[in-house]
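Reader: I am new to this structure. Please take one part and go through it closely.

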Amino acid sequence: MDHEKGAFSGISASLQDELELQHADLLLYTCCLTSGLMDSTIYRAYNTFVSMQTGKAMASPIHTPTSMSSNHNHLSFVGNTIFVGLGASHQNLRAYGWARSLTSIGCFIVGSFIFARLHRFFGARQRRSLMLSFVLQASIILLTAGLVQGGAISSTLDSKGSQAIPPWDQEVPIVLLSLQSAGQIVASRAMGFNEIPTVVITSLLCDLMSDPQLFLVRNVKRDRRIIAFVLTLVGAIVGGWVTKVTGAISPILWLSAGIKGVLVLAWAFWKAK
């Protein structure tokens, strides 16, 4: 009995440990990768973003009237905020696209509120905070992947975007994935890695180019920003190709959930201060 109490006390104490931040940025880089993976995939299926709420440059097929069919492939520098704005003036050509984008923004805000309070309640940099945060993120993505693969949720990949009014069950993955994506940036802020927001590209690039020490040989923050941008781009490319080859979005969701699961284990064994 005493041995069991001792083991329980040891686990409890370990969960309350504040983690060593040296090299913790390596784990956040994988979050940048998952942002690219999921945003390119979800945009392809539901014509909205679940991480990038302001802007992102990417080449993608936009479903437009036949009179504009020659413009199906073009470079879009847009985000959910712009989609909502265009919808307000009835210039968003995607059927009810503004509603999806508004849902994503709202759920991202709610997710940020929830995850920020989680870190504040359990301790910003404690093992239990980070483990719980990433357990929730992984679980949400797993749930979404199961619903999509099981056929409970439809996607425009199934209908080739031919529907004038999309099925409203497509709001479900947007709600879930936007909520969980907030956990990444809250974690990066909690650990003090503001230069790796994991879900924002525009401010990252601005900070990179504004760095007065941009051309120094040793510049840790500059290097982090570059790596974060490259991994987000790589994730977007991989997500786009996998979706194109498989004709489904669930493979990327399973992969992203697996990455988040690995991060949970990494936080569990990460060195304490």
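Where is the place of V230? Start there, then show me what surrounds that part of the chain.

Author: First, a caution: this is a predicted model. V230 sits in helix 9. That helix covers residues 220-246.

Now the surface. V230 has a relative accessibility of 40%, so this residue counts as partly exposed. Partly exposed lies between buried, under 20%, and exposed, over 50%. V230 also belongs to a nonpolar surface patch of about 840 Å². The other members are L205, I226, F229, L233, V234, I237, V238, W241 and V245. Helix 9 supplies nine residues, the largest share of this patch.

Next, the record. UniProt, in an unreviewed entry, places the feature "transmembrane region" at four stretches. One of them is residues 226-242. The others are 98-118, 130-153 and 248-270. Two of these can be described further. Residues 98-118 are 100% helix and 0% strand. The end C-alpha atoms of that stretch are 30 Å apart. Residues 248-270 are 87% helix, again with 0% strand. Here the end C-alpha atoms are 35 Å apart.

Last, a loop. S154 lies between helix 5 (127-149) and helix 6 (156-159). Its side chain makes a polar contact of 3.0 Å with the side chain of D169. Setting aside neighbours within four places in sequence, S154 is in contact with Y46, P167 and Q170, as well as D169.

Conventions
Residues numbered from 1 in each chain as written. Predicted model: local features only at pLDDT ≥ 70, side-chain atom pairs only at ≥ 80, totals over all residues. Heavy atoms only, no water. Patch = residues over 30% accessible without salt bridge, like charges linked within 9 Å, V, L, I, M, F, W, Y side chains within 5 Å. Areas by Shrake-Rupley, 256 points an atom, 1.4 Å probe, with all protein chains shown as cover. Salt bridge = Lys/Arg side-chain N within 4 Å of Asp/Glu carboxyl O. Helix = DSSP H or I, 4+ residues; strand = E, 2+ residues; numbered from the N terminus. Buried < 20%, exposed > 50% of the residue type's maximum accessible area, 1.4 Å probe, protein only. UniProt positions renumbered as here; feature names shortened; annotations may be inferred. Polar contact = N/O pair within 3.5 Å; in protein donor to acceptor, adjacent residues only side chain to side chain. Contact = heavy atoms within 4.5 Å.
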